[in-house]
Amino acid sequence: CRVGADCASGVCLSNGTCQPLQEPVDADGGHLEDDFLVDGGENAEEVATTEEEADGFSDAGDFEDQAPSCIPNHDWVVTRSEMPVRVGLRALFAVAENVSLDTSGGGGEERSWDFRGPYSGDHLLAAELRDPADAWFASEFPSATYFARLSDREELLGVFQVNDKELLLLGIVSPEDGLGRTLLKYNPPAKILSFPLEQGRSWSSDSTVSGQAQGIYSFYSEKYFCSVDARGQAAVPYGTFPVLRVRVEITRTVGLVVTKLRSFSLVA
């Protein structure tokens, strides 16, 4: 293999071989039911289609340069070197909506989040960090590092830049060009992550967003305020990991209408 997209597991090791595909396990170490992974119906077809599409974005290059390398030391600080972000990295996400869970993690100095499920309606979504060089919007974002799908709910793509200090959102685009396209630019870019990540750190950004949304001219502002407000253990189908929680608060102003959004990211 050369990049993660070449492997069923999504991980191309530094020796050029694929990491074996591991089945998610439950709390007792047993394998989860097969229908949690791929149910053989619509979800299986969606994953297969996404894998085929991802093959077209597998970037060439020496696998030594592309394979992820990350050795965590579990000191509750996530540095840029501990968070590989490269074109070609790929992962399968278990996605569910309208489910009840405790986002607080129970409180205390070290918290505990359990996302193992299974949840009603959960399914897999294949995601890959893709090369913007040949995308239809490449000339609009010359400093972009990669682009990726933003959510399971819609097909809009986020265009990102990553450097030694920050992960920045440069814009939002539709998969295809055309009269009904979406091409929104952030000025300045929205600051999504700021390295190193450690509890108590916070950062903010204030962006003007302009361009086309489904072919209609749009202009509005978004203010991001992010803080690393908790730490603990997060259990997911793949395993349990020590994580930092990043709380993200977005204030979007369109004319006189103000909308506030909140989300959490758990970073290992």
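Here are some exercises with worked solutions on the predicted model shown above.

**Exercise 1. Which residues does a cis peptide bond join, and where does each proline lie?**

Step 1. Start with G117 and P118: the peptide bond from G117 to P118 is cis, with omega near 0°.

Step 2. Now place the proline. P118 sits in the loop between β3 (111–114) and β4 (123–128).

Step 3. Move on to N187 and P188, which are also joined by a cis peptide bond, here with omega about -10°. P188 belongs to strand β8, which covers residues 183–194.

**Exercise 2. Find where H74 and Q214 lie, and decide whether each is buried or exposed.**

Step 1. Look at the backbone of H74. Its phi is positive, about 55°, although H74 is not a glycine.

Step 2. Find H74 in the chain: the loop between α3 (63–66) and β1 (77–78) holds this residue.

Step 3. Judge its accessibility. The relative accessible area of H74 is 53%, and exposed means over 50%, so H74 is exposed.

Step 4. Repeat this for Q214. It is not a glycine either, yet has a positive phi of about 55°. Q214 lies in the loop between β10 (202–213) and β11 (216–236).

Step 5. With 64% relative accessibility, Q214 counts as exposed.

**Exercise 3. What is the nearest side chain of opposite charge to D122, and which backbone nitrogen lies 2.8 Å from a polar atom of its side chain?**

Step 1. Locate D122 in the loop between β3 and β4.

Step 2. Check its charge partners. D122 is buried yet has no salt bridge. R116 is the nearest side chain of opposite charge, and it is 12 Å away.

Step 3. Turn to the backbone. A polar atom of the D122 side chain lies 2.8 Å from the backbone nitrogen of Y119.

**Exercise 4. How many salt bridges does the whole structure have, and which parts of the chain do the pairs E110–R231 and E222–R252 link?**

Step 1. Begin with the total: a search of the whole structure finds 10 salt bridges.

Step 2. Take E110 and R231. These two form a salt bridge whose closest N and O atoms are 3.7 Å apart. The pair links distant parts of the chain, with E110 in the loop between β2 (90–95) and β3, R231 in strand β11, and their positions 121 residues apart.

Step 3. Compare how accessible the partners are. E110 is partly exposed at 43% relative accessibility, whereas R231 is buried at 16%.

Step 4. Next come E222 and R252, whose side chains meet in a salt bridge at 2.7 Å, N to O. This pair also links distant parts of the chain: E222 is in strand β11 and R252 is in strand β12 (residues 239–254), 30 residues apart.

Step 5. Check the accessibility again. E222 has a relative accessible area of 1% and is buried, while R252 is partly exposed at 28%.

**Exercise 5. Describe the salt bridge of R247, then find which residue stands opposite R247 in β13.**

Step 1. The side chains of R247 and E249 meet in a salt bridge of 2.8 Å, N to O.

Step 2. For accessibility, E249 is partly exposed at 31%, and R247 is partly exposed at 23%.

Step 3. Look across to the neighbouring element. β12 and strand β13 (residues 257–267) run antiparallel and are joined by 11 bridges. In β13, F264 stands opposite R247.

Step 4. Finish at the turn. The hairpin of β12 and β13 has 2 residues between the strands, and G255 takes a positive phi near 65° there.

**Exercise 6. How many residues does the largest nonpolar core have, and which elements give two or more residues to it?**

Step 1. A general point helps first: in soluble globular proteins, nonpolar side chains tend to be buried together.

Step 2. Here, the largest nonpolar core has 30 residues. Among those with the most contacts inside it are Y146, Y186, W203 and Y224.

Step 3. The elements that give two or more residues to this core are β5 (146–149), β6 (157–162), β7 (166–173), β8, β10, β11 and β12.

Step 4. Zoom in on Y224. Leaving aside neighbours within four places in sequence, its contacts include L169, Y186, I192, W203, V248 and I250.

Step 5. Finally, there is a second, separate core of 10 residues, which includes F137, A144, L170 and V173.

Technical notes: Residues numbered from 1 in each chain as written. Predicted model: local features only at pLDDT ≥ 70, side-chain atom pairs only at ≥ 80, totals over all residues. Heavy atoms only, no water. Helix = DSSP H or I, 4+ residues; strand = E, 2+ residues; numbered from the N terminus. Buried < 20%, exposed > 50% of the residue type's maximum accessible area, 1.4 Å probe, protein only. Lys, Arg positive; Asp, Glu negative; His and termini not counted. Salt bridge = Lys/Arg side-chain N within 4 Å of Asp/Glu carboxyl O. Polar contact = N/O pair within 3.5 Å; in protein donor to acceptor, adjacent residues only side chain to side chain. Core = buried A, V, L, I, M, F, W, Y, C linked by side-chain atoms within 4.5 Å. Contact = heavy atoms within 4.5 Å. Pairing = 2+ DSSP bridges.
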